[in-house]
Amino acid sequence: MAILYDEVRRIFHLQTPGTSYVIGLVKDGAAPVHLYWGRKIRPGAEERLLRRGWRHAPAPFPGDNTLSYDWLPLEYPGYGTGDFRHPAYEAQLDDGTTAVELIYDSHRILRGKPPLEGLPAVYVESDDEAETLELVLVNRYSGLKAVLSYTVFARHDAIARSVRFVHEGDRPIRLLRALSASVDLPGSRYDWLHLSGAWLRERMIERRRLTTGTQGIESRRGASSHQHNPFIALLSPDADEDHGDVYAMNLVYSGSFAAQAEVDQYGTTRLSIGLNPFDFGWLLEPGESFRTPEAILVYSAEGLGAMSRTFHRLYRTRLCRGTHRDRIRPILINNWEATYFDFTEEKLLEIARSARGLGIELFVLDDGWFGKRNDDTSSLGDWKANERKLPGGLRRLAERVRDEGLLFGLWIEPEMVSPDSDLYRAHPDWCLHVPGRRRTEMRNQLVLDFSREDVCEAVYRMIADILSSAPIGYVKWDMNRNMTEIGSAALPPERQRETAHRYMLGLYRVLDRLTREFPHVLFEGCASGGGRFDPGMLHYMPQTWTSDNTDAVARLKIQYGTSLVYPAIATGAHVSAVPNHQTGRVTPLDMRAHAAMSANFGYELDATALTEEEKEQLRRHVALYKEIRHLVQFGDLYRLLSPFEGDEAAWMYVSEDRAEAVVFYFRVLAEANGPFRRFRLKGLDPDAAYRLEPLDGREDANGSGSVYGGDQLMWAGLHAETGPGDFRSRLWRLTRV
Ligand code: DGJ
């Protein structure tokens, strides 16, 4: 890793272990231009990558018609001075105009990576892990400065980008757009890939050919959203899991975002990501500053698989933080699908007791334990145990669960308030609202105004009190609606459009404080399932409830899509009862367990209602996961067969030293008189020998205990035999001998 600056050629060459990112300064530094991003190259004649030439275009440099903003690959493009493509920033000056040009002023190169005050970000633990370039750009007329920050890592092929605006002038400025990263790539022959979806159908992979014009995704919901994950990638058309170029961006943010690619008239492509400019504005008074969220850029020359492994390692080790980051995660059981709101203390204890007997380690009490909440129409905000259901309060239940030998976990939804709650009756102005207008409800609830310091403080107090009141070792932090009537009673009219982003800053402050003050608590994020599965949340809470859809077949796609960016240890996956509550489908317990074991494993069912045979199966599954979870949670993922491309799915996890691996194979529907199928493994040492052991008790043509060469497993593969029937799955372990 290095950031090299060539003073004569005015070239910044940023290097990660396997990639280069090159910025040049043209016209005495007037404009920082993007010269290269891709496979690592040696410093040489990078300035030659910039093509000059006359075009019918604005000429911002008097006397030189060979350079125009209309086609220059600008590192941080603006609007109004000759670049007509979508800009990375837009600022309105005190006179109402928006032609604001930011030009190079100075730079510095630092060891390490400064933290992003108030925002989630990847971090380093020592300064030799990274280097950071800060490019300072200024607008001569207004005093607006933008500090573009680029961090490269010694161990990761990733670049972290963000921007800090500083207002050093004397008249107010309004930021209308402040994206985190923009890259102008040569050419336009790319495929566009993103993760789209809906509640119960999160992170479906979509890929299509890029065309002229702008194409993009965004969230205007005040959450990163079920609908579009803040992740985009451009791929060379031939790229697949293991080959081809991938240029990916992921925003470390949990609110509304926008990401787009624009193919311009000259066939070049601008890719960018950041806060959604829609309904956004930020007033900068003299002396004030504004910091954008961080974007993580990953280039892979070896397809999507290598891209994912880069994201996974970086996020596992340097985005997630806290005492649980490097710890094996417990197998949990959650009472939501078992009881919904209808439970008693005794019922919960019975479930916990049965779960303990099966080897489960953590019991989670979900919604319905507080206020008078027997359905979803009341009590959010009244975080006091419902004594009818829990006569001894939370403390007695938590202690009894602990005495049974399980950790106790609790569901909360701190960002919300029910109109039918004591909190709302006492503080009707504490929610997002516009005075005198309807307060639109969703799931019968309103959103607390986290842009307000007093609201954040009150919520922090309530949650801190709960966490101190009982032996709570885990928290599921839920959030079940999107924002409407986004207005804050505490902000003046000229700052109302700051509300949604200020909300996120308030939320991050509260999360930061709580997770630091209760370091023993394992936090799991949730937003009606995976409505906020993003790196912003993972910074504070190292795992996320992936989807409310627990159907094993649906989960193949949901978890496969999620795995493009997010590591398995962060991906909550539970076995639930059949018929499945979301799809009505009946799948075998083995397949449900194998699908869930592919990630952060748990249960979501009534353990007291199982037959003896089912209990025996569960016991085996739980024991099995304990044997393989170090691989799933800390190994490298290799995707083998995509559920988006056929009726099969397969993936494997390989230990860092390639000495051990676990392989999962799934077939959804049976096929009469079908072909003999085989699939190839990946990520092994071709020169090593591995013992193959089926972990599902089924011996087949691959044998049990057979020793294979890593080369044979990877170039010839394994037989994919499942036996007859729909919804089949297989599981094998490989151990180097
Ligand atoms: C939505 C979550 O995703 C579910 O798992 C459950 O916790 C419910 N909320 C409870 O209201």
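I looked up Trp-477 first and found that Trp-477 stands opposite Gly-525 in E27. I note that the model is predicted. E27 (residues 522–525) pairs with strand E26 (residues 474–477) over four bridges, in the parallel sense.

Next I followed the sheet. Eight strands close into a barrel, in the order E21-E22-E23-E26-E27-E28-E29-E30, with parallel pairing. On average, neighbouring strands of this sheet are turned by 30 degrees against each other, direction ignored.

I then checked two helices against the strands. Helix H3 (residues 345–358) lies across strands E21 (332–334) and E22 (362–365), and runs at about 155 degrees to E22. Helix H9 (residues 552–562) lies across strands E28 (543–545) and E29 (571–576), and runs at about 170 degrees to E29.

I turned to helix H11. For its 23 residues (612–634), 1.5 Å a residue gives an expected span of 33 Å, and the end C-alpha atoms are 33 Å apart, which agrees. I also noted a bend of about 60 degrees in H11 at Ile-628. Ile-628 is buried, and other buried residues of H11 include Lys-615, His-621, Tyr-625 and Arg-629.

Last, I searched the whole structure for disulfides and found zero. Cys-320 is in none, and the nearest cysteine sulfur, that of Cys-526, is 16 Å away. Cys-320 is buried, at a relative accessible area of 3%. Why is Cys-431 not bonded to Cys-456? The sulfur of Cys-456 is the closest cysteine sulfur to that of Cys-431, but the two are 14 Å apart, which is too far for a bond. Cys-431 counts as buried because its relative accessibility is 0%.

Conventions. Residues numbered from 1 in each chain as written. Predicted model: local features only at pLDDT ≥ 70, side-chain atom pairs only at ≥ 80, totals over all residues. Heavy atoms only, no water. Expected span 1.5 Å × (residues − 1). Bend = angle between axes of the 7 residues up to and from the residue. Buried < 20%, exposed > 50% of the residue type's maximum accessible area, 1.4 Å probe, protein only. Pairing = 2+ DSSP bridges. Axes fitted to C-alpha atoms, helices over the stretch in contact; angles between N-to-C directions. Contact = heavy atoms within 4.5 Å. Disulfide = S-S within 2.5 Å.
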